[in-house]
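Me: Please take a close look at how the strands pair in this model. Start with the sheet that closes on itself, then work outward to what lies around the other strands.

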Amino acid sequence: MKALILDGYVDEPSCLGVPPFISPYPRFVYGVLKSIGISAIYTTIDRFREDYKLREELKNFDYLFIIAGIAVPGNYIGGKPLSKREIFGLNLAKRNVLLGPIYLELSKKDVLSLEDASIEVLEFPFERKFCEFFGVEFDLDKFLIAGAEVVKQHPEFPNIICEIETYRGCYWAKCSFCIERFQKIRMRDPRNVVLEIKALYDCGVRHFRLGKQTDFFTYLADFSYDFPKPNPEALKRFHRVIWENCAKIRTLHLDNVNPKTIAEYPEESKEIIKTIVTYQTPGNVAAFGLESADEVVVKKNSLCATAEEVMSAIELMNKFGKATGYNGLPTLLPGLNFVIGLKGETKETFEKNFEFLKSILEKGLLVRRINLRQVKIFPGTPMEKEGYGRLLKHKRYFNAFKKRVREEIDNPMLRKILPKGRKLTDLRVEIEGKISFARQIATYPILVGLIGEYKRQTFVDARIVDYGYRSVTTVESPINVNKANLEQIRALIGSRAVEIIKRRPFKSIEELENLVEDAKLLFTV
Ligand code: SF4
């Protein structure tokens, strides 16, 4: 028996699987297939689009498992997710099965059309159904651990970051637009999470994100309270055991944190922030769901946290997380999510959102990333009745708001977080060109324009010389003065670059020191 696991990528409120991220889903599927003796190949949709031979061979495969679903769309550099339209052309193996959050986007008619095209669709979350499909007993931990080795087949291995699930569901589960309402709370035993991380680590993975949960601060919390009470001691132990088992991890980050938890439990949260600062790696971002700073919108959409609560969470996280780490970025900062097009939104909502952001800047607080998302409506959520009317009506307000945020908030914030001259380490080149584009392997990595031509997948350290709205321009650092081009030298030292080029080659840095301040910092020979 032969199967292909085709990763069309996922992006959910609490899970990312667009390269360099790999979600837990293909690892789980591989683990189940392995346990019943089905040999499986894994590939990504980007690689598959170019692989005509594999497409041809698929008719001899018993199964094609397609994983897909972009529930919270973003702009992706690492890959182009599988589109709904493309899926219809994937009836290529003897049995073709569609898995993942894509299910939540499909109407009954879509499902019937796919079935007519010989593509079966499994309900989401699919793991239990997937086990039933093969008549094996459901065991999330066992199959995630057993399936770890599939990561070696990822086209970008070992430069990938594994999304790790700690728990499922949301204690609030009421926000009008959110699909987390469809999941029940299910906490994973931390021993199994560590075993999974260790299994991936033993395969060569060095980058991890504890990202697949709605609120990292309530992992292992006491859920008998109205708002779950965090357990700082348990989280500290959890981190310690990860490092005892996997001492050479290079990235350990997190994703979502519910600011309501921090506002309700500041003392416990303070301890958790300190643990994260100590045991996770710098450049970390805790994405906070504010969604709207307008109290009317908060109420009408049953949003979890008020603007005041989110502000108090931002303040606490800044207090302990804003120091710069060894890779050039602050250790731990909050990120902010806004959702546009919700019930009760008016022109004033945009003003209130902007005022909220402005007050963050005025208070001297730092926020690493501001995500302005237009609502995506899913069947079964309260937003279904509302539809996209308000979003369309407010399009021009949204565009103006976005422009203002990018110009008046993002850009000055970026300059504060990453001042000129700051060195960023371990930038992985993803796009080649006269200006190459690179990012750190991290949660919400900053996009870095790197002056000069570099091959994909090379790693470079570089210094900041300029800014875009949400990106920085850099030059490799230190760079060989005898090989660097005029643009690179000019970006570092200005108009004296021409003279430096004329005087090349330099035999030593000392020779250069007579002409350039900080020569040792910027150049090698
Ligand atoms: S707090 Fe609201 S937006 Fe966040 S995961 Fe829960 S239901 Fe979804």
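Reply: Two strands count as paired if DSSP finds at least two bridges between them. Strands (E, at least two residues) and helices (H or I, at least four) are DSSP runs, numbered from the N terminus. The model is predicted: local features need pLDDT of at least 70, side-chain atom pairs count only at pLDDT 80 or more, and totals for chains, interfaces and linings use all residues. Residue numbers start from 1 along each chain as its sequence is written, and side-chain values use heavy atoms, with hydrogens and water left out.

Start with the barrel. Five strands close it, in the order E17-E18-E19-E21-E20. The pairing is mixed. On average, neighbouring strands of this sheet are turned by 55° against each other, direction ignored. Axes here are lines fitted to C-alpha atoms, for helices over the stretch in contact, and angles run from 0 to 180 degrees between N-to-C directions.

Now walk along part of the barrel. E17 covers residues 423–431, and E18 covers residues 435–439. They pair in the antiparallel sense over three bridges. Three residues lie between them, and the two strands form a hairpin. Within this pair, isoleucine 431 has phenylalanine 437 of E18 as its bridge partner. E18 also reaches E19 (residues 447–451). That pair is antiparallel too, joined by four bridges. Phenylalanine 437 returns here, bridged to glycine 449 in E19. Alanine 438 has valine 448 of E19 as its partner. Phenylalanine 437 thus has one bridge partner in isoleucine 431 and another in glycine 449.

Next comes an open sheet. Its four strands follow the order E3-E8-E11-E12, with parallel pairing. E3 (21–22) and E12 (251–254) stand at the edges; each has a single partner strand, so one side of each is left without a neighbour in the sheet. E3 pairs with E8 (residues 161–165) in the parallel sense, over two bridges. In that pair, phenylalanine 21 has isoleucine 161 of E8 as its bridge partner. A helix covers part of this sheet's path: H8 (residues 190–202) lies across E8 and E11 (207–212). H8 runs at about 165° to E8.

Other strands pair in the parallel sense as well. E14 (residues 284–291) is mostly covered, with seven of its eight residues buried. Buried means under 20% relative accessible area, exposed over 50%, and partly exposed in between (1.4 Å probe, protein chains only). Two bridges join E14 to E13 (residues 256–257), and the two run parallel. Valine 257 has phenylalanine 288 of E14 as its bridge partner. E14 also pairs with E15 (residues 332–340), in the parallel sense, over seven bridges. There, asparagine 284 stands opposite leucine 332 of E15.

Follow the chain out of E14. Aspartate 294 sits in the loop between E14 and helix H12 (295–300). Its relative accessibility is 3%, so aspartate 294 counts as buried. Beyond its neighbours within four places in sequence, aspartate 294 is in contact with Thr346, Thr349, Lys352 and Asn353. Contact means heavy atoms within 4.5 Å.

Two helices come next. H9 (residues 232–245) packs with H11 (residues 266–279) at an angle of about 10°, the axes 9 Å apart. H9 and H11 are therefore roughly parallel to each other. The cut-offs are under 35 degrees for roughly parallel, over 145 for roughly antiparallel and 65 to 115 for roughly perpendicular, with the rest oblique. On the H9 side, the meeting residues are Pro232, Leu235, Lys236, His239, Arg240 and Trp243. H11 brings Glu268, Glu271, Ile272, Thr275 and Tyr279.

Then the ligand. Among the residues that surround it are Cys170, Trp172, Ala173, Lys174, Cys175, Phe177 and Cys178. Glu180, Thr214, Asn258, Glu291 and Cys304 also belong to the shell. A residue is near the ligand if one of its heavy atoms lies within 4 Å of it.

One last site is valine 498, found in helix H19 (residues 497–503). Valine 498 is partly exposed, at a relative accessible area of 38%. Not counting residues up to four places away in sequence, valine 498 touches Leu486 and Arg490. Glutamate 487 is 11 residues from valine 498 along the chain, and their C-alpha atoms are separated by 9.8 Å.
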